[in-house]
Amino acid sequence: MKNRTRLLAYQQELTERLRASASAPIATSLLGVQVADDGWLIDLRDAGEILSPPPLVPTPLTRPWLLGMANVRSAFFGIVDFARFCGHDPTPITAQSRVVLGGSKLGLPFGLLVSCILGLKRPEQLERRSGQVDGVPWIVAEYRDVAGQPWKRLDMAGLALHAEFRHAAL
């Protein structure tokens with residue numbers, strides 16, 4: 001009888017903890033990446049996978065920022081040099097370069113070539129900067145971290161749906 005009472009108490013406690021976790025806000029982690037000299041933040045829920053730059057099949061008659069197509073586990077992704085798309089010099093491919101996959105949920109699978117991964121950031125570690133965002137639709141917000149470094153938060157869906165991004169053909 002004593003064991004049964006403990007089991008019931010344990011089950012009730014477990015039920016309460018499950019209810020509390022279901023109603024708790026979801027903690028968002030942001031992936032920090034470097035693009036040219038800029039720090040960017042990508043919501044981890046929007047980043048499908050992070051990988052070293054894969055072999056590319058060139059895509060003729062496309063804008064210079066579309067580097068080519070990559071086959072990643074039998075799925076084709078258009079690989080975009082995000083720095084070049086943003087108007088910077090081309091990203092040199094080094095040992096630290098990475099491709100952040102995204103867009104599969106939107107039906108436009110793409111990968112963004114970034115200079116390097118800077119680690120995970122928690123929103124509570126960042127201070128949102130007031131004022132107007134650059135007027136770029138895929139920048140959700142701008143922040144500063146405790147060290148004073150500026151960050152831009154990337155909206156992967158906004159980028160994927162932007163007309164210029166969707167029409168890479170010349």
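This is a short walk through the strands of a predicted model.

Start with the open sheet. It has five strands, in the order E3-E6-E7-E5-E4, and the pairing is mixed. Strand E3 (49–51) and strand E4 (66–72) are the edge strands, and each pairs on one side only. On average, neighbouring strands of this sheet are turned by 30° against each other, direction ignored.

Now look inside that sheet. Strand E6 covers residues 98–102, and strand E7 covers residues 110–114. The two run antiparallel, joined by five bridges. Here Val100 stands opposite Leu112 in E7.

Follow the chain out of E7. The loop between E7 and strand E8 (116–121) holds Ser115. Is Ser115 buried or exposed? Its relative accessibility is 17%, and buried means under 20%, so Ser115 counts as buried. Setting aside residues up to four places away in sequence, Ser115 touches Gln34, Val35, Ala36, Thr91, Thr94, Gln96 and Ser97.

Some of those names lead to strand E1, residues 30–35. Five of the six residues of E1 are buried, so the strand is largely enclosed by the rest of the structure. E1 pairs with E8 through five bridges, and these strands run antiparallel. Within this pairing, Val33 has Ile117 in E8 as its bridge partner.

E1 also joins strand E2 (residues 38–43), again antiparallel, by six bridges. Leu30 stands opposite Asp43 in E2. Together E1 and E2 form a hairpin, with two residues between them. Ala36 sits in the turn and has a positive phi of about 55°. Ala36 is also one of the residues that Ser115 touches.

Key. Residues numbered from 1 in each chain as written. Predicted model: local features only at pLDDT ≥ 70, side-chain atom pairs only at ≥ 80, totals over all residues. Heavy atoms only, no water. Pairing = 2+ DSSP bridges. Helix = DSSP H or I, 4+ residues; strand = E, 2+ residues; numbered from the N terminus. Axes fitted to C-alpha atoms, helices over the stretch in contact; angles between N-to-C directions. Buried < 20%, exposed > 50% of the residue type's maximum accessible area, 1.4 Å probe, protein only. Contact = heavy atoms within 4.5 Å.
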